[in-house]
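Thanks for sharing this one with me. Here are my notes, point by point, to read alongside the model.

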Amino acid sequence: MIRDRTLRTREKLVDKLTVTGALLRASLLERTVRHKSGCPKCARGEGHQVHVLTVSYAGGRVRQISVRRERVAEVRRLLDNYQKLKDAIEAICELNHQLLRPDTVVPRGGRKKRD
Ligand SMILES: [Zn+2]
């Protein structure tokens with residue numbers, strides 16, 4: 001049964017979920033900061049690499065948080081956790097959409113054709 005298969009797929013997704021508080025919804029960007037004067041490094045044109053987290057909110061508001069170099073790896077791990085959890089939640093919701101339409105025949109290995 002398609003319904004049983006969908007439920008099994010959903011169960012597998014739920015089993016794989018890692019529930020953790022180590023989550024971050026943001027983008028990590030690398031920027032170069034250049035001092036106008038008094039810095040030999042910038043005078044040579046090198047500048048300083050800095051990491052900035054940008055978090056977008058509804059309505060287009062964006063918050064920026066600078067991240068120290070020694071915390072970049074940790075931040076990347078939190079971002080990765082968030083992305084994995086979000087992907088799993090999206091996949092589960094897609095399956096639930098299917099379960100809400102029990103009469104709909106979903107062909108094996110494919111999506112339902114649009115009418
Ligand atoms: Zn500088």
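1. Let me start with cysteine 39. In this predicted model, its relative accessibility is 16%, so Cys39 counts as buried, the cut-off being under 20%. Cysteine 93 has a relative accessible area of 33% and is therefore partly exposed, since that class lies between the buried limit of 20% and the exposed limit of 50%.

2. What does a search for disulfides give across the whole structure? The search finds zero. As a reminder, a disulfide is a covalent bond between the sulfur atoms of two cysteines.

3. Cys39 does have a partner of another kind: its SG is one of the protein donors of the zinc ion. The others are His35 through ND1, Cys42 through SG and His48 through NE2, and the donors lie 2.0 to 2.3 Å from the metal. Along the chain, they follow the spacing H-x3-C-x2-C-x5-H.

4. The geometry of the zinc site is tetrahedral, with angles of 103 to 117° among the four donor atoms. For comparison, the ideal angle for four tetrahedral donors is 109.5 degrees.

5. Buried or partly exposed: which applies to the donor histidine 35? His35 is partly exposed, because its relative accessibility is 42%, whereas the donor Cys39 is buried.

6. Finally, a word on the helices. H1 (residues 2-16) packs against H3 (residues 72-99) at about 160°, and their axes are 10 Å apart. Angles over 145 degrees count as roughly antiparallel, so that is how H1 and H3 run relative to each other. Their crossing is left-handed.

Technical notes
Residues are numbered from 1 along each chain as its sequence is written. This is a predicted model: local features need pLDDT of at least 70, side-chain atom pairs count only at pLDDT 80 or more; totals for chains, interfaces and linings use all residues. Side-chain values use heavy atoms; hydrogens and water are left out. A disulfide is a pair of cysteine sulfur atoms within 2.5 Å. Buried means under 20% relative accessible area, exposed over 50%, partly exposed in between (1.4 Å probe, protein chains only). Donors are N, O and S atoms within 2.8 Å of the metal (3.2 Å for Na, K and Ca); water is not among the atoms, so sites may look incomplete. Four donors count as tetrahedral if all angles lie between 85 and 135 degrees; four count as square planar and six as octahedral if opposite donors are over 155 degrees apart and all others between 65 and 115; anything else is irregular. Axes are lines fitted to C-alpha atoms, for helices over the stretch in contact, and angles run from 0 to 180 degrees between N-to-C directions. Helices (H or I, at least four residues) and strands (E, at least two) are DSSP runs, numbered from the N terminus. Angles under 35 degrees count as roughly parallel, over 145 as roughly antiparallel, 65 to 115 as roughly perpendicular and the rest as oblique. A crossing is left-handed if the near helix is turned anticlockwise from the far one by less than a right angle, and right-handed if clockwise.
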